[in-house]
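Here are a few short exercises to work through with the structure open beside you. Try each task before reading its solution.

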Amino acid sequence: MRVLAMDTATSAITVAVHDGQAVLATRSTIDARRHTELLAPLILEVLAAARTTPEEITHVAVGTGPGPFTGLRVGLVTAQTFAHARGIAVHGVCSLDALAAAAARLGHEGDLLVATDARRKEVYWARYRCTAGEFEALDEPTVTRPADLPDEVRALPTVGRGPDLYPDLLPHALAPGGTDLLDVDAGVLAGIAAARIAAGEDMPIEPLYLRRPDAVASAPKPKSSRGPSPRQQQRDLRRAAERGARDGEAPQ
Amino acid sequence: MKDAPLVLGIETSCDETGVGIVHGTELLFDAIASSVDEHARFGGVVPEVASRAHLEAMVPTIERACQEAGVALSDLDGISVTSGPGLAGALMVGVASAKALAVALGKPLYGVNHLASHVAVDIVEHGPLPEPTMAMLVSGGHSSLLLVPDVTHDIRSLGSTIDDAAGEAFDKVARVLGLPFPGGPHIDRAASDGQITIDFPRGLSSRKDMERHRFDFSFSGLKTAVTRWVQSEQAAGRDVPVADVAASFQEAVVDVLTRKAVLACTEYDVAALQVGGGVAANTRLRAMAQQRCDDAGIALRVPRPGLCTDNGAMVASLGAQMMIKGRPASDLSLPADSSLPVTDVQTGLPVHVDHDHAH
Ligand SMILES: [Zn+2]
């Protein structure tokens, strides 16, 4: 088995090759803005480091988010197209799982909050339980303002960029063994994927957007009392979306 | 053409997911998935809706193009992709997909300009482009007059719209007349039953404007004139003659477009005019362009309507031209550039190879 794994749901553009037993190579770049530019060259770099050709890849795994939409899609379409071009299957893994798995592997025991940057003053989050190096999800991932999280959730040891962004609201950053767990590591994601593939699990690749695009339609209100023309509206939306694209997220 | 390059082209700059496969100058198949219906209730393209639709349609559209063309991905010689201009989030889906193909198959990638592709598509329809060619691109997103000495690396902008694109004017006027979005085909249909009874203004055609904005266009004033005319009829309690207004409006747009395009050909001594973009499907535009080109001794080239709107074949056609002309491949780090100028025909070029690239 040779798994090519990638994730673009957090601030890292991260790629790894895994042989079913161990990570052969992994590369990450922290850049939440340039997924389109950097992901493909990173894949070539990792393949070279793992002394693996594209033809030798047997499975592709990809983080399905939740994460800022624009970057998330770059990872998903890259994984899907690569797999299609090689005639192999593509498997999805919730990106938050990879952060929980990293904490479990570094020895964290007990409940854990994964909270990542959702932009627009919100976090993507889910609770996990870590036991003896394994992890188990307690929630479906959700998007919320950190202040709206129940106190007992915010009180949990937390990984992801949440504590970094909202230290007052998410005060319990967890750094097992002194390692900050801010972003997904594709090596960890590849390990999860390899185990689930071996177990024959269903691994859908639908993106976890967690926000409806319709939010975009209620965007900027023009000042004119006559109401916007469709094109004005469209131009406003487009501008707002271009702004959003720079933020990695369409506006509400 | 035994040695002609086999190129797959991807286009995702707006709401069409297009994948075309071209063998040299021959179109093998053009697959399109459109999210236009999902946008209709917003009266325009919603970028996030378009981007989501691109992700869903991307691989199935690649698969369908290959199947219908009878081509395996491993047979390809190169991949080309629209890297701009367009909606940023939409472009990124196509660019990332094209890069994944290039990496997985070990084939060269060509990041190309959307507008240049509109010009290059005519090669699969009418054969090699005369060099130079004059190109007029008219759609909901662009209204440009381009001098094209070489579609693979030398395109010069002579003029463009200073306000609305031609297609925008069609959409807006359609709305005023109570016709559905997108307005172009509906105005065209309505106009075919009407008479040219109203003399609407021709933008940027006065003597002064012809000095400062010789090859530029303006449709905002026309749009306003039509709106005022309709409102005054309504205020007077009269029925609006929709077909006549549509015909008169369309005549004003088409008159300015064709007059300036033919003038550009004459002044720059260019013997061929190519018209592309969604508005090129307009029957009156085709007829008037034909008549005026005939009168001026200019060869008119208009691709069939399906190739005038956004599609993957145009991107594949330009990619194939780049391979035929030995242009260097793009670097895999090329970005999606939502505001790519038309003069940047290819993106992701290594700087040192780029000696003859017109900026
Ligand atoms: Zn176009």
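Is Lys121(A) buried or exposed? Before the solution, a word on conventions: this is a predicted model, in which local features need pLDDT of at least 70 and side-chain atom pairs count only at pLDDT 80 or more, while totals for chains, interfaces and linings use all residues. Residues are numbered from 1 along each chain as its sequence is written, chains are lettered from A and ligands numbered from 1 in the order in which they are written, and side-chain values use heavy atoms, with hydrogens and water left out.

**Exercise 1: Lys121(A) and its backbone**

Start with the location: Lys121(A) sits in the loop between E6 and strand E7 (123-131) of chain A. Helices (H or I, at least four residues) and strands (E, at least two) are DSSP runs, numbered from the N terminus. Next, the relative accessible area is 57%, so Lys121(A) is exposed. The cut-offs are under 20% for buried and over 50% for exposed, with partly exposed in between (1.4 Å probe, protein chains only). Finally, check phi: Lys121(A) is not a glycine, yet has a positive phi of about 60°. Most residues other than glycine have a negative phi.

**Exercise 2: Find a cis peptide bond in each chain.**

In chain A, look at the bond from Gly65(A) to Pro66(A), which is cis with omega near 10°. Pro66(A) belongs to the loop between strand E4 (59-63) and helix H2 (69-86). In chain B, Gly84(B) and Pro85(B) are joined by a cis bond with omega about -10°. Pro85(B) falls in the loop between E4 and helix H3 (88-105) of chain B.

**Exercise 3: Describe the surroundings of Ser83(B).**

First place the residue: Ser83(B) is part of strand E4 (residues 78-84) of chain B. Then look at accessibility: Ser83(B) is buried, at 0% relative accessible area. Now list contacts (heavy atoms within 4.5 Å). Beyond neighbours within four places in sequence, Ser83(B) contacts residues including Leu91(B), Val95(B), Asp337(B) and Thr347(B).

**Exercise 4: Do the same for Leu112(A).**

Leu112(A) lies in strand E6 (residues 110-117) of chain A and is buried, with a relative accessibility of 0%. Setting aside residues up to four places away in sequence, Leu112(A) touches, among others, Ala100(A), Tyr128(A), Cys130(A) and Leu174(A). For the chain as a whole, buried residues make up 57% of the 252 residues in chain A.
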